[in-house]
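I opened this model to look up its metal site first and then two of its helices. My entries follow in that order.

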Amino acid sequence: MKPLIGITIGYQEGNATMLAQRDCYGKGIIMAGGNPILLPPQGDPEETASLIAGLLLSGGPDPDPQHFHEQPRPGMGRVDWRRDCHELALIRAMRSRKKPIFGICRGLQMINIAYGGTLFQDIEKEKGNAVSHFQNGDFDYESHWVRITPGSLLDQLYQRETLAANSFHHQAVKFLGKELHIAAVAADGIIEAIEGENGVFAVQWHPEHLLHIPAHFLLFQHFIKTCSERKTAL
Ligand code: MN
């Protein structure tokens, strides 16, 4: 059996009764040998975590800053509160079962919050950035490079110092959550990848739009390999 991978989805902007997700996340999981299943912000996260071999936290709207004890400030984008709460519960449930989690963009931010970290609600307003992190180009265009942290999982995977990435985010990690490590940063110091124990890792860019580039597809392959190994070990 292929490892069953839950992919989180949320409510569509402007229509709180419509669930939506781009299909490239599932394509990446299938190409890497997994079996994707979509997880709406409904149901029982503990039972779902028992069922799946791995959790893919997808991109989406801004996490509510109340989850890290801040009020929303100017520059904050749209929030999907129900999705936030469901994803935080899923992360906790997966973490207690020591199951792998792969976070993409908002997914990285949700992992950071779940581990006690905080976010810049808007990079430009709160930090001022030397690199544009919301690129003006197609999804598969790699607009800025990231520097990989020596000794990190990404370093082991790539064995190179830098990687070109796409960038569609206006928020980023401010304070890193406990038991997380920085795996890559952009030229302006913005955290672009993080990792933790038990196969938890996340990137701020969108590898699901770069599946045709081996270096980015490698993240999906690594995730499915980790899920398969842990599934067999359980
Ligand atoms: Mn970026």
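**Metal site**

I looked up the protein donors of the manganese ion, counting N, O and S atoms within 2.8 Å of the metal (3.2 Å for Na, K and Ca), with water not among the atoms, so that sites may look incomplete. They are His133 (ND1), His144 (NE2), Ser167 (OG), His169 (NE2) and Glu192 (OE), at 2.2 to 2.3 Å from the ion. Along the sequence, these donor residues follow the spacing H-x10-H-x22-S-x1-H-x22-E. His144 sits in strand β8 (residues 144-148) and His169 in the loop between β9 (162-165) and β10 (172-173), so this pair ties together parts that are 25 residues apart in sequence. Here helices (H or I, at least four residues) and strands (E, at least two) are DSSP runs, numbered from the N terminus.

I noted that the model is predicted: local features need pLDDT of at least 70 and side-chain atom pairs count only at pLDDT 80 or more, while totals for chains, interfaces and linings use all residues. Residues are numbered from 1 along each chain as its sequence is written, and side-chain values use heavy atoms, with hydrogens and water left out.

**Burial**

I took buried as under 20% relative accessible area, exposed as over 50% and partly exposed as in between (1.4 Å probe, protein chains only). His144 counts as buried at 8% relative accessibility, and His169 also counts as buried, at 4%.

**Helices**

In helix α1 (residues 24-31), I found Cys24, Tyr25, Gly26, Gly28 and Ile29 buried; just after α1, Gly33 takes a positive phi of about 100°. In α3, the buried residues include Arg83, Asp84, His86 and Glu87, and just after that helix Lys98 has a positive phi of about 55°.
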